[in-house]
Structures are given as structure tokens and as C-alpha cells.
Amino acid sequence: MESQEAVQCLSSRQIEYDREWAALALVPFFMLLGIVVSKAIYMPIWTYFIALGFGAAAMLPMSFVYALSGFSVKVGFFNELIYGYMIDAKGSSRHPLGQLAYRIISGNVWYDARIVLEDQKIGHYLHIPPRQVIGIQIIANLLALPINYGVMRWVVASKFDYVSGRKPDPLGQWTGQEFQSYNTAGIQFALVGPRKLFASPFFKPILWGFLAGAVAPLLMWVLHKKFPRARFDLWNTTIFFASAAVFYGNLSTGPFTTFLVGTFTNFFLYRYRRVFWNKWAYISGAALDTGFNANLLFIFIFLGTTGAKMVHWWGNNADSIERCFAL
């Protein structure tokens, strides 16, 4: 009897906790809804609910790809395309900011869910209860929001002339590539719209990409059945096309470094040091991520804001010592 009462007590507490978390999840929902209703971001109200629904529907397939490969497929382009067709409805605004807002809201449903799941996995390894992991994430976001906003305002106040192109950046660092990309996408998919965009002879060939993306997995499946020893089952067309879609137009060591580290970790260690890989691979990755971000924060606070100048050495360039290119 005592054990049954204990179980019932724990179950009732679990229900109370679940209700608390559910109520907490409604806070950002209504905050975003209020912003959309105010029309400050030029986004039709009904598209807000579609954005949340599509983001939720994309979670399962995207999580499947990410769990198998460690590769996060970007959904921004598809969101932009869908939004461009939706705002053909009568009375919808074609302001580029609405397209950006839709992309962020819908995409972040999946991206934030991925981060939550990653942290839950780390918490599982460290024997931290899921509820405490969520609590830590909430505290971390409350701390990160004002810091990120402050950094953004600092960049706008001190580097705007470089980012906007009014002045040439001697280091080639503040190029605003992502800002330009977002602005271009807003003009293409919202202001112009996909119907007119793909009617252009210049952009019309891109439509063949939809057919290629649909046929490529079937082709890999047929080749794998025909030539099983060639291991075509390892050729992931989703990852290939998603990677090919991201090109910043600059020199970068990011892909090469990723290839080297990934090959060493997930090929050499996985095949020849399996026990070590099973025990330390994921925790080591989390530790390296934490150290990397802590190092960035340290450099920004103690070097970036104090006017410290980096020395020239053989690993950098005398004219552009930072060599801060997008990965």
C-alpha cells in the first residue's frame, strides 16, 4: 500500500510539473503572437500558425537525419519559398521583413528543438534529470538574450559603416554577408515573389533542382541494390545538396578542418579505437564546443573591447590579421 501511495504521489507531482512546463511554453507563444498581431513585422497572422505547424512537422525527419549523420539540414530556403506563395493571398503584405520573420519563427522550432534534445542527451550521460536540464536552458537563455542583444547593438553602433558598405573594411571582417543574404532573400521571395522570380529565364533552371532532389535518393537506392559492394547507401543526397546550397564566396578552412576532424573522430577512432570512441566521443565534443565558445567570449571581452592588437605571425596575414571568414 505504501509503495502504491508513493507511486501515486510521484505521478501527481509529475502531472503538476508537466502543467507548469506547458504553461511556461505558452509565454513565448503569446509574446510572438502579440508581435505578429501588432503588424510590426508585416507578417499575416494566419501565417504565424502555419510557421509553427510546419516547424513542428519538420522536427521528426530533420531529427532523423541529424541523429544519423550529425548534420543539421537548413530549412530556411523552403520556408522562404512557402511564404512567398502564401502571401499571394489578397491583403497580405509583401514587406521583406515578414518573410524574414516567418523564416526565423518556423526554422527556430526545429533548431531550438534540436538544441534541447542535444542538451538532454548530455544531461542523460551526466545523470542530470530532464527537468533540471530544461531549467538550466531557461536560465541560460535569460542570460544570453540581453548579452546577444547588447553585442548586436554594439556592432550596429560601431561597425555599421563597414557592414553597410559605406566604408571599406581594411580587415575584410565586417562584410555583412548574412545580412545581405537575408535582405536578398526577402526581396526575392517576398517583394518579387516566387511566381515572378521563377518566370525569369535566369532563375527558371533552378526549378529543375526540385526534380533532382526528389529523384536523387531513388537513384542512390537503385544503385545500392545493383552494386551493394559500392556502398551507395552511404551517399546521403540530402546532406550533399544542403551543403552545396551554402557557399559564401570566400576562402575558408572550415570545410577542410571539418573533414579532417570528422574523419579522425568518426572513422579512425570509431573503427580502430571503438571502446574509446563509445566512452568519450560525445562528451569530448561537448567539452570542445564549450571550450570554443568560452574562448570566443574571453577574446571578445578582454581583447576585442580593449583595443588590443593581434601580432603578425606566419599563420595569419599582415594586411588582415584576423582572417575572420564565414565557415
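**Second largest pocket, helix packing and backbone outliers**

The lining of the second largest pocket is made up of five nonpolar residues and three polar residues, with no charged residue among them. The model examined here is predicted. The residues that line this pocket are H95, P96, L97, L100, F179, Y182, N183 and G186. Two or more lining residues come from each of helix 4 (96-125) and helix 6 (177-192). Of the elements, helix 6 makes the greatest contribution to the lining, supplying four residues. The space within the second largest pocket amounts to about 180 Å³.

The chain as a whole consists of 327 residues, and 19% of these are buried, a class reserved for residues under 20% relative accessible area. Its secondary structure comprises 11 helices and zero strands. Read from the N terminus, the order of elements is accordingly α-α-α-α-α-α-α-α-α-α-α.

Three helix pairs were examined for packing geometry. Helix 2 (residues 45-69) packs against helix 3 at an angle of about 150 degrees, and their axes lie 12 Å apart. Angles over 145 degrees count as roughly antiparallel, so helix 2 and helix 3 are assigned to that class. Their crossing is right-handed.

Helix 3 (residues 76-86) also meets helix 4, with axes that come within 9 Å and cross at roughly 135 degrees. This angle makes the pair oblique. The handedness of the crossing between helix 3 and helix 4 is again given as right-handed. Helix 4 thus takes part in this pairing and also contributes to the lining of the second largest pocket.

The third pair is formed by helix 4 and helix 5 (130-163). The axes of helix 4 and helix 5 come within 10 Å, and the crossing angle is roughly 130 degrees. Helix 4 and helix 5 are therefore classed as oblique to each other. Helix 4 passes helix 5 in a right-handed manner.

Helix 6, which contributes to the pocket lining, also contains Q180. With a relative accessible area of 47%, Q180 is partly exposed, because the exposed class begins only over 50%. The C-alpha atoms of Q180 and V163 are 9.3 Å apart in space, while the two residues are separated by 17 residues in sequence.

Backbone geometry was considered next. Most residues other than glycine have a negative phi. H127, which is not a glycine, has a positive phi of about 60 degrees. H127 is located in the loop that joins helix 4 and helix 5. H127 has a relative accessible area of 71% and is therefore exposed, the cut-off for this class being over 50%.

A positive phi is also found at R231, likewise a residue other than glycine, with a value near 55 degrees. R231 belongs to the loop between helix 8 (208-226) and helix 9 (237-244). The relative accessibility of R231 is 40%, so R231 counts as partly exposed. Each of these two residues thus lies in a loop between helices, H127 after helix 4 and R231 after helix 8.

Key. Residues are numbered from 1 along each chain as its sequence is written. This is a predicted model: local features need pLDDT of at least 70, side-chain atom pairs count only at pLDDT 80 or more; totals for chains, interfaces and linings use all residues. Side-chain values use heavy atoms; hydrogens and water are left out. On a 1 Å grid over the protein atoms alone, a cavity is a set of points where a 1.4 Å probe fits but cannot get out, and a pocket is an open set with protein on both sides within 12 Å along at least five of seven lines; lining residues have an atom within 4 Å of a point. Grid points are joined across faces, edges and corners, and a volume is the space filled by probe spheres set on the points. Ala, Val, Leu, Ile, Met, Phe, Trp, Tyr, Cys and Pro count as nonpolar, Asp, Glu, Lys and Arg as charged, and the others, Gly among them, as polar. Buried means under 20% relative accessible area, exposed over 50%, partly exposed in between (1.4 Å probe, protein chains only). Axes are lines fitted to C-alpha atoms, for helices over the stretch in contact, and angles run from 0 to 180 degrees between N-to-C directions. Angles under 35 degrees count as roughly parallel, over 145 as roughly antiparallel, 65 to 115 as roughly perpendicular and the rest as oblique. A crossing is left-handed if the near helix is turned anticlockwise from the far one by less than a right angle, and right-handed if clockwise.
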